[in-house]
Every structure is written in structure tokens, then in C-alpha cells.
Amino acid sequence: MRELSLHILDIVQNSIEAGASEVILEINEDPDSDLFEMIIRDNGRGMTPEMVQGVTDPFVTTRTTRKVGLGIPLFHSAAEQAGGDLVVDSEVGKGTTIRANFSYKHIDRAPLGDMVGTILALLGSNPRMELVYRHRYKDKEFEFRTEDIRETLEDIEISHPMILGWIRNHLQDGLAEIYGGERE
Amino acid sequence: MKTLKELEELRKKAQESTRLREGDKGSKIVIGMGTCGIAAGAREVMAAVMDEINKRDIDDVVVTQTGCVGVCEQEPIVEVMRPGQEKVTYGRIDEEKARKIIAQHIANGQIVGDWVISTS
């Protein structure tokens, strides 16, 4: 994948397919300590220890149309090639947490890319999902929770184009603020 | 930061336009969002679809997603279902093609023949 934000989109699709109703996305960027960390937590059906053990192997999947599941292996190798690692923590009936870290300054670390696009794609096609998106850059933090806008929306879906337009602006403003003009 | 007050105004506008077209049967657009689709550009296709729908003020369309359907080499895949018509599956769609599908197929009911990979 060209961007780390595409891995996030892909991994959250797994969460949705695992029946998750809540997803927590965390990104921590700290160039000063050379850390780039991404955490994806869901409350889906989870995996057995055997599945977790095999999950970074491309020949493990629950899919039936194709025998090879590539999402986690791709994310794993993206982390490994950039001086980092990926850890999967899961419990049946509780959910799954995927934690990937990268060396911030590693030449092979893919750029984060379009996080706003990733979140809009997720919400646009999964309007009922509750999403928490927490993004830290150095000592600044931005947080967006779908929960906080549900009441205001009344009977209008979060996937309504006008609502997604508002979310797009809100996220862009929030990220611009934490980056403070330093990047993107 | 965008305020909740702005969001409330938008919600009211959305509710009004929803009321106007009650009883309509809408179309459905499905975008392949498996690993293969995402790697091939499905996120950008979905953004283009949503943007074009918004620009054209089409509000009786549901946009949703599916996982890998087994024809990864044809990704990004877009399926269009219009009421009373057969399902049309388009392959190797990019942002520009996605916009044309909205203009021609969704808005005017004309299938864009060149990019169809199957109908049912």
C-alpha cells in the first residue's frame, strides 16, 4: 500500500466483517523520539490464540472467495521494513487490537497519507459504526468521536453527503491544528 | 473547528430534502473495499462517487461497500443497482470513470458499456 492510512482502512474492514460496532483508532506521531504508532481496537468477535498466531501469515483467512488473506501480512511487512513491528492481541467474544509501530524517520516508512479520506470512506459505508479517532502529533492531540454528533443528527445518517462534508472540514481543521503547519 | 451549530443547520437541510422525496425508490452503489480494492484505489473511487452525488444533489442513492468478490484483477469494482434494472458491475474504475458512472448511469439510467464486466 502506498499510504499507511490505506492499511487502516483495510484493517478496519476486518473489524466490520468481524461484527464490530465500535472501533477506536489511535495514531501517535513523535518525530523527536523516532516513533510512529498506530493502534486499531475493535469490539468484534475476536480470534482464538491459534488464529492470532497465524494471522500474520498470508495463508490464514476466514474468507471463502479467495484462500489468501493479505491485509494483516501487508501491514506487518510495512511495519517490519520500516524498523518496527506489529502485534495482534485478541480474545474471542471481546475484540481485537492491532498495534503497529514504525521508526518515524525510516526511509522505507510509507507516508500516513489521506487519513481524512480513510475516515470518510469508513463512515460513508458504515454509518452506524461508532468510531473514536485520536491523533497525537508531538504534544498536541485531536480527537473525533461519532458518538458526540449522533444527538445533533437526529434521524439523518452520518453517511449523508452534507454531514460527511461537515466531518471532512472538521477533521481537516483538527489535523491542521495539531500539525501546526509542520506537515501535510 | 467546525461547530455543532453548523452541523445542526446541515441536519435541518438534510431533513427537509428527505421529506420532499419520501416514497421514492433509490439506487444502490456498492464499492469493493477488500484489501485488493483498497490497494487498487477504492478509497479514491468512493470519495469521487460521494462527491459527485453531492454535487448533483442526488439524494436517493445509497453508497455501501463489500469485501473481496474474487476478481481482484478487476478492482476497483463498482456495482450499480437501479430500481427495475439488472445489476451492473463495472471493473477497473478510477475517479474519473466513477464520476461518469454517476452522471450517465445513476442520473440518466444509461449503462456505460465500455467498463461493464458483468450484468445480472
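A salt bridge is here a side-chain nitrogen of Lys or Arg within 4 Å of a carboxyl oxygen of Asp or Glu. By that rule, two salt bridges cross the interface of chain B and chain A. The structure is a predicted model, and every value below is computed from it. One of the bridges across the interface joins the side chains of B:Arg43 and A:Glu3, with 2.6 Å from N to O. On the side of chain B that touches chain A, the elements that give two or more residues are α1 (4-20), α2 (35-40), α3 (42-55) and β2 (61-66) of chain B. Helix α1(B) provides the largest share of this side, 11 residues. By character, the residues on this side of chain B divide into 16 nonpolar, 11 polar and seven charged.

The interface can also be described as a whole. The size of an interface is often given as the accessible area lost when the parts come together. Between them, chain B and chain A bury about 3,100 Å², and 63% of this area lies on carbon and sulfur atoms. Chain A brings 43 residues to the contact and chain B brings 34 residues. Polar contacts between the two chains number 12 residue pairs, counted where both residues have pLDDT 80 or more.

One helix of chain A links the interior of that chain with its partner. Helix α3 of chain A, residues 71-80, is mostly covered, with seven of its 10 residues buried. These buried residues are A:Gly71, A:Ile72, A:Pro73, A:Phe75, A:His76, A:Ala78 and A:Ala79. Within chain A they pack against α1 (4-17), β2 (35-42), β3 (85-91) and β4, and from chain B they are met by α2.

The charged side chains deserve a closer look. Side chains of opposite charge can pair when their charged atoms come close. Over all chains, the count comes to 18 salt bridges. In chain A, the side chains of A:Arg136 and A:Glu141 meet in one of them, at 2.6 Å from N to O. A:Arg136 has a relative accessible area of 28% and is therefore partly exposed. A:Glu141 is likewise classed as partly exposed, at 43% relative accessibility. A further pair in chain A is A:Arg145 with A:Glu143, whose side chains form a salt bridge at 3.5 Å, N to O. A:Arg145 is partly exposed at 25% relative accessible area, and A:Glu143 is partly exposed at 33%. This pair belongs to a network of salt bridges that links A:Glu26, A:Arg41, A:Arg134, A:Glu143 and A:Arg145.

In chain B, B:Arg56 forms a salt bridge with B:Glu52, and their closest N and O atoms are 2.9 Å apart. The two partners fall into separate classes of accessibility: B:Arg56 is partly exposed, with a relative accessible area of 41%, whereas B:Glu52 is buried, with 9%.

What surrounds a buried arginine that has no salt bridge, as is the case for A:Arg109? This residue sits in the loop between β4 (95-103) and α4 (115-125) of chain A. The nearest side chain of opposite charge belongs to A:Glu29, 5.6 Å away. Because a salt bridge needs the nitrogen within 4 Å of a carboxyl oxygen, that pair does not qualify. The side chain of A:Arg109 does reach the backbone oxygen of A:Tyr104, at 2.8 Å. Apart from neighbours within four places in sequence, A:Arg109 is in contact with A:Leu4, A:Phe36, A:Ala82, A:Phe102, A:Ser103 and A:Tyr104.

Some features of the backbone complete the account. In chain B, the peptide bond between B:Glu75 and B:Pro76 is cis, with omega at about -10°. B:Pro76 is placed in the loop between β2 and β3 (78-81) of chain B. B:Asp57 is not a glycine, yet its phi is positive, at about 60°. B:Asp57 lies in the loop between α3 and β2 of chain B, and at 65% relative accessibility it counts as exposed. In chain A, A:Glu154 also has a positive phi, near 50°, in a residue other than glycine. The loop that holds A:Glu154 runs between α5 (147-153) and α6 (161-179) of chain A. With a relative accessible area of 52%, A:Glu154 is exposed.

How values were computed
Residues numbered from 1 in each chain as written. Chains lettered and ligands numbered in written order. Predicted model: local features only at pLDDT ≥ 70, side-chain atom pairs only at ≥ 80, totals over all residues. Heavy atoms only, no water. Buried < 20%, exposed > 50% of the residue type's maximum accessible area, 1.4 Å probe, protein only. Helix = DSSP H or I, 4+ residues; strand = E, 2+ residues; numbered from the N terminus. Lys, Arg positive; Asp, Glu negative; His and termini not counted. Polar contact = N/O pair within 3.5 Å; in protein donor to acceptor, adjacent residues only side chain to side chain. Contact = heavy atoms within 4.5 Å. Buried area = accessible area lost by both parts, 1.4 Å probe. Nonpolar A, V, L, I, M, F, W, Y, C, P; charged D, E, K, R; others polar.
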